[in-house]
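Colleague: I'd like to quiz you on the words you use for this one. Show me what you've got, and I'll ask what stands behind them.

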Amino acid sequence: MSLHYLFPALNEDQRMILDSVEVFCAGELIGRAESIDHAAEIAPEVLEQIAELGLLAICIPEEQGGAGFDQASYHAALIEMARASATCALHVVLQCSGFLEPIARGGCAETSVFEAAATGTAMAALAAFEGEGGFDAAAISATLTERDGKLVLDGVKENVVGPADASEFLVFAREGAGISAVVVPADAAGLVLGAPLDRLGMRGVAARSLRFDGLELPMSRRVGLAGEAAGLLEETATRLMIALASIGVGIMQAARDCGARYATERQQFRRPIADFEAMRERLATAEIGQAAVLNLVFSAARGLDEGADVAQLARIAKTLAGEFAMKAADDVLQVYGGYGYSQEYPAERLYRDARYVALALGGDAATRCAIAARILPE
Amino acid sequence: MLFQLDDALLALQQEAREFARTEVAPQAARRDREKEFPADLMTQVGARGWLGCLVPRSWGGSDIGNIGQAVVLEEIAAACASTHVTMSVHNSLMSTPLKKYASAELQQEFLPKVVTGEWLGAYLLTEPGAGSDAAAQKTTAVRDGDDWLINGEKMWITTGDMARVGIVFARTDLDPAARDAKAVSAFVVDMQSPGISFGKREPKLGLRGSTTVAISLKDLRVPGKNLLGELHRGFNIAMDLLNGGRIGIAIQGIGIGRAALELALDTVGGLKRNGKDLARSQSVQFRLADMATRVDAARLLAYRAAELRDHDLPHIKEASMAKLFATRMANEVCREVVELLGESGYGAASAAERLMRDCRICELYEGTTEIQKLVIAKQLFADRAAEEKA
Ligand SMILES: Cc1cc2nc3c(=O)[nH]c(=O)nc-3n(C[C@H](O)[C@H](O)[C@H](O)COP(=O)(O)OP(=O)(O)OC[C@H]3O[C@@H](n4cnc5c(N)ncnc54)[C@H](O)[C@@H]3O)c2cc1C
């Protein structure tokens, strides 16, 4: 079992859920990855199965309505899923780390919102960041105001990534001098939804813009306290980064596995191309990258469970994952030669999906500068 | 040695740039989306002589040399990689060999229509089992009276199902002891002949306006006069053509990389990240500076190889170096630009993602990156041995 060696202390429940995730991903999902990518849609029956496995709220404490597993179990499941289909793993991440976790942590009086998303009966998306997806709270200009016992939302969010038919959005906005969060239903009056846009990769989720024109919400749709959600936003970003790093690990493992298989089967110059040192070096990238990032992910996951500040570790894991996943996918595509360019082989999809890891959540340069900020004297 | 285009080449560049801007670029996104072959454009570039860049004007070519060809094709590649490869394959692997290796009779029969683009060309070297090891041909050509009968399977043939003329490589020395590289011949083939059938168009990461097909040759009858060059010396022709073709693919990378850089320059001005204008970020400025430097360095390598080829001087290593460096840097640049533009760069509404998809082919065809390194390394040791001898 590929996952278990990481969890010597796995209990019976954890073992069971990870086994069923593995069976689903390796047995079923992997065969559907290509059609999910081509159709730019995760088929409803796949979404149902993901929900039935209990993955959407897997790491949320039981008292908050989740399955109560630790972060390591969540990330092990994500890696396994990303290995089969990176975009499905991203879907889970957007539901869990991007929506359910922050709502569970911040608290929301309208409990039906959480329940619907946790069971997969409603799809959700996070509309936090503005500009090009950077996640500096200072860059948020959408505003929330309390008026006549209602919350009023104004502003624009670009590149909101999530299911094309998301019915709830977790929106972060400026309220007075602070940041607040609210959950906005997709059918709210005053919400203008942009069309979901096609993308290079990760095609099971879409990007779209949201515009709020004096959108009114009941007070019960507030998440956390008025003006005090900046910490929640930062915490959410941290968790999303670790999750993206996990997706990077899954992509690298998938690249490693298919690349190694292909290099063994394909012959040129009367020998398997795996005999050529240049091919071995290319295959090694994926193995090095997945091992390095995997360990960072599990350190970060353990830290989260222990309540440590893992923001810096999350940035480092995400940066390394972004760089290595792209390099690994590139190297493995090259191993496939001309066949790497064909959509009938998996390498080109990994190449497209891998590009997302580095650019998500504000991009490489911004993350590196944030890493540096933490090591510079105050 | 002044590293600058002369007035004639500058004028040519201006003409190509204007043509690419008005005729080629506006269609590129649609061509990619609809997988639409640039048939209409081929007629237009044919009329300008750009399908016979090395062919004398008396034949209808433009005779602009390898540098002129590089100058024109960079502009096309920057606008649309699919249009570029259709032209590049036609020039380097059809017009040029007809001019360079074909008998007067074959030239008379094919060149006039090839140069105008009325008859498009294809190059049938690769087979399912003969990719990087291109000499390992399984396709055979056997004498039958005055004719040849050709049987075999070809893979990945650019423009294959849209071409009227093909250069087919096949084993003619069937002695198993014969060295692969000395057992192959090249033939000029009418692609509408009986015995040729096409597989489906390969679905690809990019380059979707160019068609790529498998071709099966079954008892394909080719007249004896259609042998190109000498018997059993076809592999030398294949390699010589690829030396020219590699400069063409280097130029493809340079054009695509330049387009990505220009897109980034056009776009960052309007983008903000974390409340800051991207164009004013040093991270962004330095990345752009690096990209521009690499694009220029690649172009200098490619021009050097082109000029050596124009003067019939040795250029095998130089052509491989140009392709190796240009195609690798171009892919890096495209990936960086998508990353730099963030979620918008990743979206299909931006050209960045198409450039990244199109560009990836450059490190694969006309010799993979590994094959270029093999060629260069071999030449390095040969040069060293020659020096020691001297
Ligand atoms: C879109 C497209 C268009 C094409 N158009 C044409 C065309 O018009 N005409 C034509 O004839 N062909 C064409 N090709 C074929 C192309 O030239 C081949 O795909 C290419 O030569 C590589 O061969 P292969 O795909 O069989 O890869 P392989 O040769 O199987 O290579 C697989 C991997 O092994 C590596 N490798 C192989 N040998 C060695 C070695 N000795 N040392 C180290 N590494 C090695 C390669 O670099 C590569 O990374 C096209 C291909 C594509 C994808």
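Modeller: In chain B, take the contacts between residues at least 6 apart in sequence: 73% of them join residues at least 24 apart. Keep in mind that this is a predicted model.

Colleague: What makes two residues a contact in chain B?

Modeller: Heavy atoms within 4.5 Å. By that test B:A136 touches B:E127, B:A130, B:R171 and B:D180, leaving aside residues up to four places away in sequence. B:A136 itself sits in the loop between β1 (121-124) and β2 (140-144) of chain B. As for B:S95, it is 41 residues from B:A136 in sequence and 25 Å from it in space, C-alpha to C-alpha.

Colleague: And what is the figure for such contacts in chain A?

Modeller: For chain A, 74% of the contacts between residues at least 6 apart join residues at least 24 apart.

Colleague: How many helices and strands does chain B have?

Modeller: Chain B has 11 helices and 10 strands.

Colleague: Why is chain B called as compact as a globular protein of its length?

Modeller: The globule rule gives 21 Å for 390 residues, and the radius of gyration of chain B is 21 Å, so the label fits. Along the principal axes, the C-alpha atoms of chain B fill a box of roughly 75 × 55 × 40 Å.

Colleague: How do you know that the radius of gyration of chain A agrees with a compact globule?

Modeller: In the same way: a compact globule of 378 residues would come out near 21 Å, and chain A has 21 Å, so the two agree. Its C-alpha box is roughly 80 × 50 × 40 Å, and chain A holds 10 helices and 10 strands.

Colleague: Why does A:G162 count as buried?

Modeller: Buried means under 20% relative accessible area. A:G162 has 3% relative accessibility, so it counts as buried. Its contacts, beyond those up to four places away in sequence, are A:L94, A:A125, A:V205 and A:A206. A:P196 lies 34 residues from A:G162 in sequence and 9.1 Å from it in space, C-alpha to C-alpha.

Colleague: What makes β3(A) and β7(A) a pair?

Modeller: A pair needs at least two bridges. Strand β3 (residues 150-162) and strand β7 (residues 206-218) of chain A are joined by 10 bridges and run antiparallel, so they pass under that definition. A:G162 is in strand β3, and its bridge partner in β7(A) is A:A206.

Colleague: How do you know that β6(A) pairs with β7(A)?

Modeller: Three bridges link strand β6 (residues 191-193) of chain A to β7(A), in the antiparallel sense, and at least two are needed, so that is a pair too. In one of them, A:V192 has A:R211 as its partner in β7(A).

Colleague: Why is helix α9 of chain A called largely enclosed?

Modeller: Because 13 of the 13 residues of α9 (residues 347-359) are buried, the rest of the structure largely encloses it. Just after α9(A), A:L361 takes a positive phi of about 60°.

Colleague: What share of each chain counts as buried?

Modeller: For chain A it is 60% of the 378 residues, and for chain B it is 60% of the 390 residues.

Colleague: What about charge in chain B?

Modeller: Chain B has 48 positive and 51 negative side chains, with the centres of the two sets 3 Å apart. In chain A the mean positions of the 31 positive and 52 negative charges are 7 Å apart.

Key. Residues numbered from 1 in each chain as written. Chains lettered and ligands numbered in written order. Predicted model: local features only at pLDDT ≥ 70, side-chain atom pairs only at ≥ 80, totals over all residues. Heavy atoms only, no water. Helix = DSSP H or I, 4+ residues; strand = E, 2+ residues; numbered from the N terminus. Rg over C-alpha atoms; globule rule 2.2 N^0.38 Å. Buried < 20%, exposed > 50% of the residue type's maximum accessible area, 1.4 Å probe, protein only. Lys, Arg positive; Asp, Glu negative; His and termini not counted. Charge placed at Lys NZ, Arg CZ, Asp CG, Glu CD.
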